[in-house]
Amino acid sequence: MNNSCVYPGSFDPITYGHLDIITRSAKIFDKVYVAILNNTQKKGAFPTEKRVEMIQKSCKHLDNIVIEVFDGLLVDYVRKVKSNVIIRGLRAVSDFEAEFQMSHINLQIAPDIETLFLSTLPKYSYISSSMVRELAYFKGDFSYFVPECIVEDIKQQYK
Ligand code: ADP
């Protein structure tokens, strides 16, 4: 087992909220696997390769990040990379129920893997990828919510 964690999500696209969780995790763990779920049931707004690229650009200041796409069970991916920690971000009470349920399921099927929650900084607590997508779709200004280096990528996607 190495001193690493897995931060899974859709990152469709990455926001300042995600970036804050990644940056803080990178201070605690030697290595952070940012794992994009390739959800076969739900096609995202951005192709997974584009999401990888946007996370790479946003995480240039960090040298202990690995960005990968995975499918299948999260706990299988966590084992594959020889980690035993899943990181999730909590924005508000509304996140809690689903996150709590998911952590219980994962604990039941993989008791050796722990889920740790980091609470968001209050200034990012209302940011979500879906809100960014909605603003981008209607040509609203979403630039407060995502790293500057990916604003153009998002605009291109909604052209
Ligand atoms: P998922 O579809 O798995 O919820 P997301 O990309 O929406 O994927 O979120 C990934 C993780 O990041 C989740 O733990 C989510 O709660 C967290 N997260 C999302 N937005 C924020 C934010 N603004 N601040 C902190 N954590 C966040």
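The lining of the largest pocket was divided by residue class into 19 nonpolar, 17 polar and nine charged residues. The structure is a predicted model, and the values reported here were computed from it. The volume of this largest pocket is about 1200 Å³. A total of 45 residues line the pocket, and P8, G9, S10, F11 and R88 are the closest to its centre.

Several secondary-structure elements contribute to this lining. At least two residues each come from the strands β1 (4-9) and β4 (85-90). The helices α1 (16-28), α2 (48-58), α3 (74-80), α4 (93-109) and α5 (129-137) also supply at least two residues each. Among the contributors, α4 provides the largest share, with eight residues.

The largest pocket is also the space taken by the ligand. Two or more residues of the shell around the ligand are given by each of β1, α1, β4 and α4. These four elements are also among those that supply at least two residues to the lining of the pocket. The ligand is surrounded by 16 residues, of which Y7, S10, F11, G89 and Y124 are the closest. S10 and F11 are also listed with the residues closest to the centre of the pocket. By class, the shell consists of six nonpolar, six polar and four charged residues.

Polar atoms of the protein were found beside both oxygen and nitrogen atoms of the ligand. In the side chain of Y7, an N or O atom is 2.6 Å from an oxygen atom of the ligand. For G89, the partner is a polar backbone atom, which is 2.6 Å from an oxygen atom of the ligand. A nitrogen atom of the ligand lies 3.0 Å from a polar side-chain atom of T120. On its own, the ligand has 550 Å² of accessible area, and the protein covers 85% of this area.

Apart from the pocket, the structure was examined for cavities. One cavity of 30 Å³ or more is present, and the volume of the largest cavity is about 30 Å³. The residues that line the largest cavity are L74, I86, R88, E99, M102, S103, N106 and T115. Of these, R88 is also one of the residues closest to the centre of the largest pocket. At least two lining residues of the cavity come from each of β4 and α4. The greatest contribution is that of α4, with four residues. α4 likewise gives the largest share of the lining of the largest pocket. The cavity lining is made up of three nonpolar, three polar and two charged residues.

Two features of the backbone were noted in loops. Most peptide bonds are trans, and a negative phi is found in most residues other than glycine. The peptide bond that joins D12 and P13 is cis, with omega of about 5°. P13 is located in the loop between β1 and α1, two elements that each give two or more residues to the shell around the ligand. The second feature concerns K82, a residue other than glycine with a positive phi, near 60°. K82 belongs to the loop between α3 and β4, and both of these elements supply at least two residues to the lining of the largest pocket.

Definitions and conventions:
Residues numbered from 1 in each chain as written. Predicted model: local features only at pLDDT ≥ 70, side-chain atom pairs only at ≥ 80, totals over all residues. Heavy atoms only, no water. 1 Å grid on protein atoms, 1.4 Å probe; cavity = no way out; pocket = protein on both sides within 12 Å on 5 of 7 lines; lining within 4 Å. Points joined across faces, edges and corners; volume = space filled by probe spheres on them. Nonpolar A, V, L, I, M, F, W, Y, C, P; charged D, E, K, R; others polar. Near = heavy atom within 4 Å. Polar contact = N/O pair within 3.5 Å; in protein donor to acceptor, adjacent residues only side chain to side chain. Areas by Shrake-Rupley, 256 points an atom, 1.4 Å probe, with all protein chains shown as cover. Sits in = over half its atoms within 2 Å of the grid points.
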